[in-house]
Amino acid sequence: MNLKGQPVRVGDLVHQAERAISPEVIAFYCDTFGDRNSVYARDGVAPPLLYHSEVYAHLERWYLRNLVGNLHARQEWLLFAPIRAGSTVRTRSTVIERYRKRDRDFVVNEVDYCDEGGRLLVRSRTHQSFLADLPKAEGAYVVDRASAEKKERRAVGEGDGPELEPVELRVDLATCWRFSGPARNYHTDPDEAKKLGFPDVVVQGMLSTCLASQVMGNAHGMGWLAGGRMDLKLVNVLWGGERVRARAKLRSENAEGAFTRREYEIWVEKDDAKRTIVSVGVASALPP
């Protein structure tokens, strides 16, 4: 059942909308991340993840009823064509999959972003997980700092491929508000976070994917905006106030028609002693 008490089925149309690609929206996004990619002004395009959280526009229609401890588990992005500044994008959100993994139920919501002529520009797939049962101890945190820090360190960045220029960001509460506000929720407010089983503000998982996109866009320009692919698993909690770094290292080069697609291991790590991994996966792009 969703938050409205209705069943959540594969094939459910969640919502459709139109979004303006205005100078103000672009500037707000770029200022939030310090994203100064020259391709935006030069070619009159917007950051491809400009409306990164469109999937959450009507979460009451597809979120399961048990909100305590819900987590963004995985995020996929497919970029087919650039989003033009000054245009209008039409979005369509659909439930495309449901599955159970250990003690969690997963719902996958796909959002298509199309131009006014119907051309598919961007597609996102969000894997959201929900606890199958409530925690046994009332008031216990589903995820706390100590348990998160005990997670096994993942081996990333191995191999001798060249590394792209990283992107760093301190995710203070002002950044959380810019990214997940203006409403008070567990991504912006400590008290709201405690209501859902977290000891502090949980930075929205989509932020990691935006940083990873920035790394790829800086290196590949239009080859990222028209042809980029990303699949990230969100493996640890990023808390409000922490600093993170997005990195990518070349894994392979493969022919794709007349072009060569470059595939990278990509990850976002905390700026702490252990370089705790927040998200990890693969991304690829065509030449600039």
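**Close-up 1. Arg123 and Glu110 meet in a salt bridge, with 3.6 Å from N to O.** This is a predicted model, and the same goes for every view below. The pair ties together distant parts of the chain: Arg123 belongs to strand 5 (residues 120–131) and Glu110 to strand 4 (residues 104–114), 13 residues apart. Glu110 counts as buried because its relative accessibility is 14%, below the 20% cut-off. Look across to strand 5 and you'll also find Arg125, the bridge partner of Glu110.

**Close-up 2. Strand 4 is covered on both faces.** Here 11 of the 11 residues are buried, so strand 4 is largely enclosed by the rest of the structure. One side carries Arg104, Phe106, Val108, Glu110, Asp112 and Cys114, while the other has Asp105, Val107, Asn109, Val111 and Tyr113. Charged residues, Glu110 and Asp112 among them, are part of that buried set.

**Close-up 3. Strand 4 pairs with strand 3 and with strand 5.** Strand 3 (residues 88–101) runs antiparallel to strand 4, and 11 bridges join the two. Lys101 has Arg104 of strand 4 as its bridge partner. Just two residues separate these strands in their hairpin, and Arg102 in the turn has a positive phi of about 50°. Strand 5 is also antiparallel to strand 4, again over 11 bridges. That hairpin has five residues between the strands, and there Gly118 takes a positive phi near 95°.

**Close-up 4. Tyr56, Trp62, Tyr63 and Phe130 make up one aromatic cluster.** The structure holds 10 aromatic pairs. Take Tyr56 and Tyr63: their ring centres are 6.2 Å apart and the planes stand at 90°, so this pair is edge-to-face. Tyr56 is buried at a relative accessible area of 15%, and Tyr63 is buried too, at 5%. Tyr63 also pairs edge-to-face with Phe130, at 5.1 Å centre to centre and 80° between the planes. That contact spans distant parts of the chain, from Tyr63 in the loop between helix 2 (38–43) and strand 2 (71–79) to Phe130 in strand 5, 67 residues apart. Like Tyr63, Phe130 is buried.

**Close-up 5. Helix 4 (residues 173–180) has Thr175, Cys176, Phe179 and Ser180 buried.** These residues cover an arc of only 105° around the axis, which puts them on the same side of helix 4. Their cover includes helix 1 (23–33), strand 6 (167–170) and helix 6 (206–220).

**Close-up 6. The charged end of Arg178 sits over the ring of Phe28.** It lies 4.1 Å from the ring centre.

**Close-up 7. Glu76 and Arg74 form a salt bridge, their closest N and O atoms 3.9 Å apart.** The cut-off for a salt bridge is 4 Å, so this pair qualifies. Glu76 is buried, with a relative accessible area of 13%. Arg74, at 26%, is partly exposed.

**Close-up 8. Arg262 and Glu253 meet in a salt bridge at 3.0 Å, N to O.** Both ends are partly exposed: Arg262 has a relative accessible area of 26%, and Glu253 has 48% relative accessibility. Elsewhere, salt bridges with shared partners join Glu163, Glu168, Arg243, Arg245, Arg247, Glu269, Asp271 and Arg275 into one network. A search of the whole structure turns up 26 salt bridges.

Methods. Residues numbered from 1 in each chain as written. Predicted model: local features only at pLDDT ≥ 70, side-chain atom pairs only at ≥ 80, totals over all residues. Heavy atoms only, no water. Salt bridge = Lys/Arg side-chain N within 4 Å of Asp/Glu carboxyl O. Buried < 20%, exposed > 50% of the residue type's maximum accessible area, 1.4 Å probe, protein only. Helix = DSSP H or I, 4+ residues; strand = E, 2+ residues; numbered from the N terminus. Phe/Tyr/Trp six-rings, centres within 6.5 Å; stacked < 30°, edge-to-face > 60°. Lys NZ or Arg CZ within 6 Å of the ring centre and 35° of its normal. Arc of directions from axis to C-beta. Contact = heavy atoms within 4.5 Å. Pairing = 2+ DSSP bridges.
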